[in-house]
Amino acid sequence: MFSVLSYGRLVARAVLGGLSQTDPRAGGGGGGGGGSSGDYGLVTAGCGFGKDFRKGLLKKGACYGDDACFVARHRSADVLGSSTACIVVLDRSSHRLHTANLGDSGFLVVRGGEVVHRSDEQQHYFNTPFQLSIAPPEAEGVVLSDSPDAADSTSFDVQLGDIILTATDGLFDNMPDYMILQELKKLKNSNYESIQRTARSIAEQAHELAYDPHYMSPFAQFACDNGLNVRGGKPDDITVLLSIVAEYTD
């Protein structure tokens, strides 16, 4: 059995079936504990904001502006349009996490308050991430279209209590790792409500920073490194999924 997390832009229409958006146990569940050799699962909560949130423009379902996400026990999708993608799969019996990331969404794995694994951002050039796309015939060869083979793939063991944060670039462009780690310190157990509160706290902080014109955001720093005189946050869609590795209960 697998637990699956997935992220991307304009991917909501691609999610056809077998997916759960609201079940807090969809990625696995259960309490904490140590020393068990049984199956692992993910207790997952999410939160996000579209960049037009302040204008009162909201979408139903797990969509935040053009960002979209899903949590599923099994993955079933076709890709339409254009999308970055970050997929995180937990093999419950082997306790290994398998990841594939293409573009500027990504993940962090935190253990003991430190980042022990993270995805690498993929950019063609400044602010132009790798992306999957199916273009209409008249646009073929014009729009960027990267192969899934270009995704950065990793596999590694996880431990009970590991925290997995998966998010779109709206988070990472506005919050550096140290701010994210400060928020994760508030997460004390694998209770769903606690995970949900922390995910929302992270998303809300990133959303506020995105509209601060005086804040030197990671995006602004990257822009300066590329010769642009930029300061402030980056208004963008923000999606955050937060998971804790826990003992699995069906």
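**Stop 1: the ring cluster**

Select Phe126, Phe219 and Phe222. Ring pairs link Phe126, Phe219 and Phe222 into a cluster. Keep in mind that you are looking at a predicted model. By the rule used here, the count of aromatic pairs comes to 3.

Show Phe126 and Phe219 alone. Their ring centres are 5.5 Å apart, and their planes meet at 35°. Why is this pair called tilted? Planes under 30 degrees apart would be stacked and planes over 60 would be edge-to-face, with the rest counted as tilted. The angle of 35° therefore makes the pair of Phe126 and Phe219 tilted.

Now trace the chain between the two. Phe126 sits in the loop between β10 (123-125) and β11 (128-129). Phe219 belongs to helix α4 (residues 218-225). The pair links distant parts of the chain, 93 residues apart.

Is Phe126 buried or partly exposed? Phe126 has 21% relative accessibility, so it counts as partly exposed. Phe219 has a relative accessible area of 12%, so it is buried. The cut-off for buried is under 20%.

Swap Phe219 for Phe222. Phe126 and Phe222 form an edge-to-face pair, 5.4 Å centre to centre, with 70° between the planes. Phe126 is in the loop between β10 and β11 and Phe222 is in helix α4, so this pair ties together parts that are 96 residues apart in sequence. Phe222 counts as partly exposed, because its relative accessibility is 32%.

**Stop 2: Asn127, one loop, another residue**

Stay in the loop between β10 and β11, and select Asn127. Look at its backbone. Phi of Asn127 is near 60°, a positive value in a residue other than glycine. With a relative accessible area of 40%, Asn127 is partly exposed.

**Stop 3: His95**

Go to the loop between β6 (85-91) and β7 (96-102), and pick His95. Which sign does phi of His95 have? Phi is positive, about 65°, although His95 is not a glycine. His95 is buried, with a relative accessible area of 13%.

**Stop 4: a charge over a ring**

Select Arg92 and Tyr248. Arg92 lies over the face of Tyr248, at 4.1 Å from the ring centre.

**Stop 5: Thr44 and Ser243**

Colour strand β2 (residues 40-49) and find Thr44 in it. Thr44 counts as buried, because its relative accessibility is 6%. Which side chain does Thr44 join in a polar contact? Add Ser243 to the view: the side chains of Thr44 and Ser243 are joined by a polar contact of 2.8 Å.

**Stop 6: the nonpolar cores**

Hide the earlier selections. Select Leu165, Leu171, Met175, Ile180, Leu184, Val240 and Leu242. These touch the most other members of the largest nonpolar core, which has 29 residues. Next, colour the elements that feed it. Strands β2, β8 (106-111), β14 (163-167) and β15 (238-247) are among those that each supply at least two residues. So are helices α1 (169-172), α2 (177-184) and α3 (192-210). Which element gives the most to this core? Helix α3 does, with 6 residues.

Another core lies apart from this one. It has 13 residues, among them Leu42, Val88, Phe107 and Leu160. Select those four to find the place.

**Stop 7: Val116**

Move to strand β9 (residues 114-118) and pick Val116. Val116 counts as partly exposed, because its relative accessibility is 32%. Show its neighbours. Leaving aside residues up to four places away in sequence, Val116 touches Val109 and Arg111. Then draw a line from Val116 to Asp162, C-alpha to C-alpha. How far apart are they in space? The distance is 9.5 Å, and in sequence they are 46 residues apart.

**Last stop: the whole chain**

Zoom out and show the full cartoon. You should see 4 helices and 15 strands in the chain. Of its 250 residues, 48% count as buried. Switch on the surface. The accessible surface of the chain comes to about 11,800 Å². Carbon and sulfur atoms own 51% of that surface. Finally, think about contacts along the chain. Take the contacts with a separation of 6 or more: residues 24 or more positions apart account for 75% of them. You met two ring pairs that link distant parts: Phe126 with Phe219, and Phe126 with Phe222.

Conventions. Residues are numbered from 1 along each chain as its sequence is written. This is a predicted model: local features need pLDDT of at least 70, side-chain atom pairs count only at pLDDT 80 or more; totals for chains, interfaces and linings use all residues. Side-chain values use heavy atoms; hydrogens and water are left out. Buried means under 20% relative accessible area, exposed over 50%, partly exposed in between (1.4 Å probe, protein chains only). Contact means heavy atoms within 4.5 Å. Accessible areas come from the Shrake-Rupley method with a 1.4 Å probe; for residues, only the protein chains shown count as cover. A polar contact is a pair of N or O atoms within 3.5 Å; within protein, one must be able to donate a hydrogen and the other to accept it, and residues adjacent in sequence count only if both atoms are side-chain atoms. Rings of Phe, Tyr and Trp (its six-membered ring) pair if their centres lie within 6.5 Å; planes under 30 degrees apart count as stacked, over 60 as edge-to-face and the rest as tilted. A charge sits over a ring if NZ of Lys or CZ of Arg is within 6 Å of the ring centre and within 35 degrees of the ring normal. A nonpolar core is a set of buried Ala, Val, Leu, Ile, Met, Phe, Trp, Tyr and Cys residues joined through side-chain atoms within 4.5 Å.
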